[in-house]
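Hello,

Here is the structure I promised to pass on to you. Have a look through it first, and then read on for my notes.

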Amino acid sequence: EIIITHGNGPQVGMIQNAFAYAHKDDPAKIPAMDLPECGAMSQGYIGYHLQQAIGAAMHKEYKRWHVASVVTQIEVDPDDPAFKNPTKPIGAFMSKEEADAELEKHPDWTMVEDSGRGYRRVVASPQPKKIVEYESILNLLDNEFIVIACGGGGIPVMRHGNHLKGASAVIDKDFASERLAEDLHADYLIILTAVEKVAIHFGQADEQWLSEMTTDQARQYMAQNE
């Protein structure tokens, strides 16, 4: 029973930029596109590529499993303090000069330096509270599907009465994956990263790799802002 989640930072920014430029050139024909819709598009096209790749691998190994992507909405709290403090990087990496040029065009944006790799736009990153398509994901698992879900951290939505409305934000994919793993009582949660393993004093002279730790140690490191 396998569920795959994925990021969408470069893709969601690319999609939004494409619509922004097209809208600027022809606002009467091309609508501006907000983050929830861009997130949904990225889930579809990244899911499509993963379905093809995993399907080909299954065929090569003579496995009969099917693969399906679920366009996943995740409910967030409208009062989440993240909406007043954007922190989540999206879009392509830029030089300082490129970031300054974008800020001139979009003064309401926030740009930050991201782990020594360049500058990126940051948006609100609220905490995931509820996975709306939870039962659909469970149904697919029960019918021997490999499920691709919560892509890019899911599409953040807020409840308005009996309806859900998209929020202009991006949920961190690790938090969304943890929420999904917890809700489904998963046996394992495996996070693939661009670095060798978890570290404390990351990027500093006294950097220390961690192969294992207890939850108490993890809370201690969090309290120390590691």
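To begin with a puzzle: does D114 count as buried or exposed? With a relative accessibility of 9%, D114 counts as buried, because the cut-off for that label is under 20%. Please keep in mind that this is a predicted model.

D114 also has a charged partner. Its salt bridge is with R117, and the closest N and O atoms are 3.7 Å apart. R117 itself is partly exposed, at a relative accessible area of 49%.

The structure has 8 salt bridges in total, and two more of them are worth finding on your screen. One joins the side chains of D100 and K96, with an N to O distance of 3.1 Å. Both residues belong to helix α3 (residues 96-105), where they are 4 residues apart, about one turn of the helix. D100 is partly exposed at 33% relative accessibility, and K96 is partly exposed as well, at 40%.

The other is between D183 and R179, whose closest N and O atoms are 3.0 Å apart. These two are 4 residues apart in helix α5 (residues 173-183), so about one helical turn separates them. D183 is partly exposed, with 22% relative accessibility. There is also a network: salt bridges with shared partners link D114, R117 and R120.

Next, the aromatic rings. How many aromatic pairs does a search of the whole structure find? The count is 0. Rings do meet charged side chains, though. K96, which you met above in the bridge to D100, lies over the face of Y119, 6.0 Å from the ring centre. In addition, R121 has its charged end over the ring of W109, at 4.2 Å from the centre.

Finally, the sheet. Which order do the strands of the open sheet follow? There are 3 strands, in the order β1-β8-β2, and the pairing is parallel. β1 (3-4) and β2 (66-69) are the edge strands, each of them pairing on one side only. Between β1 and β8 (residues 145-148), the parallel pairing runs over 2 bridges. To find this spot, look for I4, which stands opposite I148 in β8. Helix α4 (residues 134-142) lies across β1, β2 and β8, and its direction is at about 150 degrees to β8.

Enjoy exploring, and write back whenever you like.

Best wishes

Methods. Residues are numbered from 1 along each chain as its sequence is written. This is a predicted model: local features need pLDDT of at least 70, side-chain atom pairs count only at pLDDT 80 or more; totals for chains, interfaces and linings use all residues. Side-chain values use heavy atoms; hydrogens and water are left out. Rings of Phe, Tyr and Trp (its six-membered ring) pair if their centres lie within 6.5 Å; planes under 30 degrees apart count as stacked, over 60 as edge-to-face and the rest as tilted. A charge sits over a ring if NZ of Lys or CZ of Arg is within 6 Å of the ring centre and within 35 degrees of the ring normal. Two strands pair if DSSP finds at least two bridges between them. Contact means heavy atoms within 4.5 Å. Axes are lines fitted to C-alpha atoms, for helices over the stretch in contact, and angles run from 0 to 180 degrees between N-to-C directions. A salt bridge is a side-chain nitrogen of Lys or Arg within 4 Å of a carboxyl oxygen of Asp or Glu. Buried means under 20% relative accessible area, exposed over 50%, partly exposed in between (1.4 Å probe, protein chains only).
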